[in-house]
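Subject: Structure handover

Hello,

Here is the structure we talked about. My notes on it follow below the entry.

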Amino acid sequence: MLETAQIYGRHGVAEGLAGVTAEVIEGLSIASVAERRHGAAGLAELMAINYGLTLPRRPAHVGAGALGAVAVGPGRWLVLGAPPDLGRSLHGVASVTEQSDGFVPVTLSGPSVLKCLAKGVPLDLHAAAFPPGSAATTIVAHIGVTLWCLDATPRFALLIARSYWVSFMAWLIASGAEFGIEVVPAKGRG
């Protein structure tokens, strides 16, 4: 089994630029938000007024400054960079649950990121089918993940359940080895 200390660093092809770079985000606050019955309009209004964020109603990621949200189901979102007062400010219109310790966020980039992800993601991630802002909750090598496209370079963000993180990273390192993969820690952001 892969040990956490073995995850960081360069893996596979050692020469040249890494084909895939994985940044493991540390310290990002995450909260799940589930709108309450008849709370949709109030939730939308409070998120816009208090945080300048329009929650997407389709599988998508949106961001406003250090705050982001990804739709994970009807009336459900994961808020990234969640402020400590989120639950109090949405009282009565949504249920908010702290999830920061439940997920490990990872961003993937590099010239071979699409080839690497194609080894485990059962979705077409080409820009024509999955443009920036698109999101999905799916599986990667039998591990449940939420992923979204951050930009057209392309760069992707993934949320992996902490209990599967080491298994996911073992798959990622094995899949990215032929391109050279660099795994680095990064500071949290929305």
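β5 pairs with strand β6 (residues 76–80) in the antiparallel sense, over 5 bridges. This is a predicted model, and what follows should be read on that basis. Within the pairing, V70 has L78 of β6 as its bridge partner. The two strands make a hairpin with 2 residues between them, and G75 in the turn has a positive phi of about 70°.

On the other side of the hairpin topic is strand β4 (residues 61–64), which pairs with β5 through 4 bridges, again in the antiparallel sense. Here V62 has A69 of β5 as its bridge partner. β4 and β5 also form a hairpin with 2 residues between the strands, where G65 takes a positive phi near 70°. As for exposure, strand β5 (residues 67–73) is mostly covered, with 6 of its 7 residues buried.

β6 also pairs with strand β3 (residues 30–35), in the antiparallel sense and over 5 bridges. In that pairing I30 stands opposite L80 of β6.

Put together, these strands belong to an open sheet of 5 strands with antiparallel pairing, in the order β4-β5-β6-β3-β7. β4 and β7 (94–98) are the edge strands, each pairing on one side only. From one strand to the next the twist averages 25°. Helix α2 (residues 40–51) lies across β3, β4, β5, β6 and β7, and runs at about 145° to β3.

Domains

The protein is divided into domain 1 (9–26 + 102–185) and domain 2 (30–98). Their C-alpha centres lie 25 Å apart. Across the boundary, 10 residues of domain 1 are in contact with 8 residues of domain 2.

The other sheet

A second open sheet has 7 strands in the order β1-β12-β2-β8-β11-β10-β9, and its pairing is mixed. β1 (9–11) and β9 (135–140) stand at the edges with a single partner strand each, so one side of each is left without a neighbour in the sheet. The twist averages 30° from one strand to the next.

At the β1 edge, 3 bridges join β1 to strand β12 (residues 181–187), and the two run antiparallel. One of the partners there is I181 in β12, which is bridged to H11.

Helix α5 (residues 165–176) packs on this sheet, where it touches β1, β2 (20–26), β8 (103–109), β9, β10 (143–151), β11 (155–161) and β12. The direction of α5 makes about 140° with that of β12. How far should the 12 residues of α5 span? At 1.5 Å a residue the expected span is 16 Å, and the end C-alpha atoms are 16 Å apart, which agrees. α5 is mostly covered, since 9 of its 12 residues are buried. The buried residues are W165, V166, F168, M169, W171, L172, I173, S175 and G176. As general background, an α-helix has 3.6 residues a turn, so residues three or four places apart point the same way.

Two residues in the sheet

A157 is found in strand β11. With a relative accessible area of 5%, A157 falls under the 20% cut-off and is therefore buried. Leaving aside neighbours within four places in sequence, A157 is in contact with V106, T107, T146, L147, W148 and L150. A136 lies 21 residues from A157 along the chain, and the C-alpha atoms of the two are separated by 11 Å.

T146, one of the contacts of A157, has its place in strand β10. Is T146 buried or exposed? At 7% relative accessibility, T146 counts as buried. The side chain of T146 is joined to that of T137 by a polar contact of 3.3 Å. Not counting residues up to four places away in sequence, T146 touches V70, V72, A136, T137, A157, L158 and L159.

Regards

Note on methods
Residues are numbered from 1 along each chain as its sequence is written. This is a predicted model: local features need pLDDT of at least 70, side-chain atom pairs count only at pLDDT 80 or more; totals for chains, interfaces and linings use all residues. Side-chain values use heavy atoms; hydrogens and water are left out. Two strands pair if DSSP finds at least two bridges between them. Axes are lines fitted to C-alpha atoms, for helices over the stretch in contact, and angles run from 0 to 180 degrees between N-to-C directions. Contact means heavy atoms within 4.5 Å. Buried means under 20% relative accessible area, exposed over 50%, partly exposed in between (1.4 Å probe, protein chains only). The expected span of a helix is 1.5 Å times one less than its number of residues. A polar contact is a pair of N or O atoms within 3.5 Å; within protein, one must be able to donate a hydrogen and the other to accept it, and residues adjacent in sequence count only if both atoms are side-chain atoms. Domain bounds come from an automatic or database domain assignment.
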